[in-house]
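Colleague: Could you walk me through this model and tell me what stands behind each label you use?
Modeller: Gladly; have a look at it, and then ask away.

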Amino acid sequence: HIYISVPTNVVPHMTPWHFTQFTLMGLGVLVMKAGMVVVEAGQWGSKENEVQMFSQLREHIEFGYGKRTGTWPGYGRLRNPLGDVGHIDHVRVLARKPEET
């Protein structure tokens with residue numbers, strides 16, 4: 001099995017080497033093109049997470065993330081870690097090798 005979890009909505013980081021992000025469909029297709037079978041796929045998002053992340057964007061641009069406040073936006077600081085319908089900030093796929101016949 002392989003478990004892949006990636007952000008879909010995130011402030012640019014590791015610039016200028018931050019080239020791509022994946023949607024749930026894109027991640028699933030990538031896994032299938034690698035010859036794996038998708039066992040489970042899902043997504044998560046939160047308006048609170050987005051506000052927290054992008055409100056610190058100015059700090060990131062000027063100083064580099066966490067260099068001024070020592071923090072990176074994270075789930076531990078959310079009041080609603082279960083997320084909100086309609087907000088997609090993270091996608092995940094659990095896949096396995098195909099069964100041999």
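**What stands behind the labels**

Modeller: The protein chain has 3 helices and 3 strands, and along the sequence their pattern is β-α-β-α-α-β. Please keep in mind that this is a predicted model, in which local features need pLDDT of at least 70, side-chain atom pairs count only at pLDDT 80 or more, and totals for chains, interfaces and linings use all residues. Residues are numbered from 1 along each chain as its sequence is written, and side-chain values use heavy atoms, with hydrogens and water left out.

Colleague: What makes a stretch a helix or a strand here?
Modeller: Both are DSSP runs numbered from the N terminus: H or I over at least four residues for a helix, E over at least two for a strand.

Colleague: Why is methionine 32 called partly exposed?
Modeller: Buried means under 20% relative accessible area, exposed means over 50%, and partly exposed is in between (1.4 Å probe, protein chains only). Methionine 32 has a relative accessible area of 48%, so it is partly exposed. Its place is in helix α1.

Colleague: Which residues form a nonpolar patch with Met32?
Modeller: Met25 and Val29 join Met32 there, and together the three have about 310 Å² of accessible area. A patch takes residues with over 30% relative accessible area and no salt bridge; nonpolar side chains (Val, Leu, Ile, Met, Phe, Trp, Tyr) are joined within 5 Å, like charges within 9 Å. The areas come from the Shrake-Rupley method with a 1.4 Å probe, and for residues only the protein chains shown count as cover. An α-helix has 3.6 residues a turn, so residues three or four places apart point the same way.

Colleague: And the inside: which residues make up the largest nonpolar core?
Modeller: Val6, Leu27, Val31, Val91, Val93 and Ala95 do. Both α1 (24-33) and β3 (90-96) supply at least two residues of this core, and the largest share, 3 residues, comes from β3. The term stands for a set of buried Ala, Val, Leu, Ile, Met, Phe, Trp, Tyr and Cys residues joined through side-chain atoms within 4.5 Å.

Colleague: What does alanine 95 touch?
Modeller: Not counting residues up to four places away in sequence, alanine 95 touches His1, Ile2, Val31, Met36, Val37, Val38 and Val39. A contact means heavy atoms within 4.5 Å.

Colleague: How do you know that arginine 79 forms a salt bridge with glutamate 48?
Modeller: The rule asks for a side-chain nitrogen of Lys or Arg within 4 Å of a carboxyl oxygen of Asp or Glu. The closest N and O atoms of arginine 79 and glutamate 48 are 3.9 Å apart. This pair links distant parts of the chain, 31 residues apart: arginine 79 is in the loop between α3 (57-63) and β3, glutamate 48 in helix α2 (residues 47-55). With a relative accessible area of 78%, arginine 79 is exposed, while Glu48 is among the buried residues of α2.

Colleague: How many salt bridges does the count come to?
Modeller: The count is 2. Glutamate 99 also forms one with arginine 96, the closest N and O atoms being 4.0 Å apart. Glutamate 99, at 65% relative accessibility, counts as exposed; arginine 96, at 23%, is partly exposed.

Colleague: Where does lysine 47 lie, and what is it in contact with?
Modeller: Lysine 47 lies in helix α2. Leaving aside its neighbours within four places in sequence, lysine 47 is in contact with Asp84 and His87.
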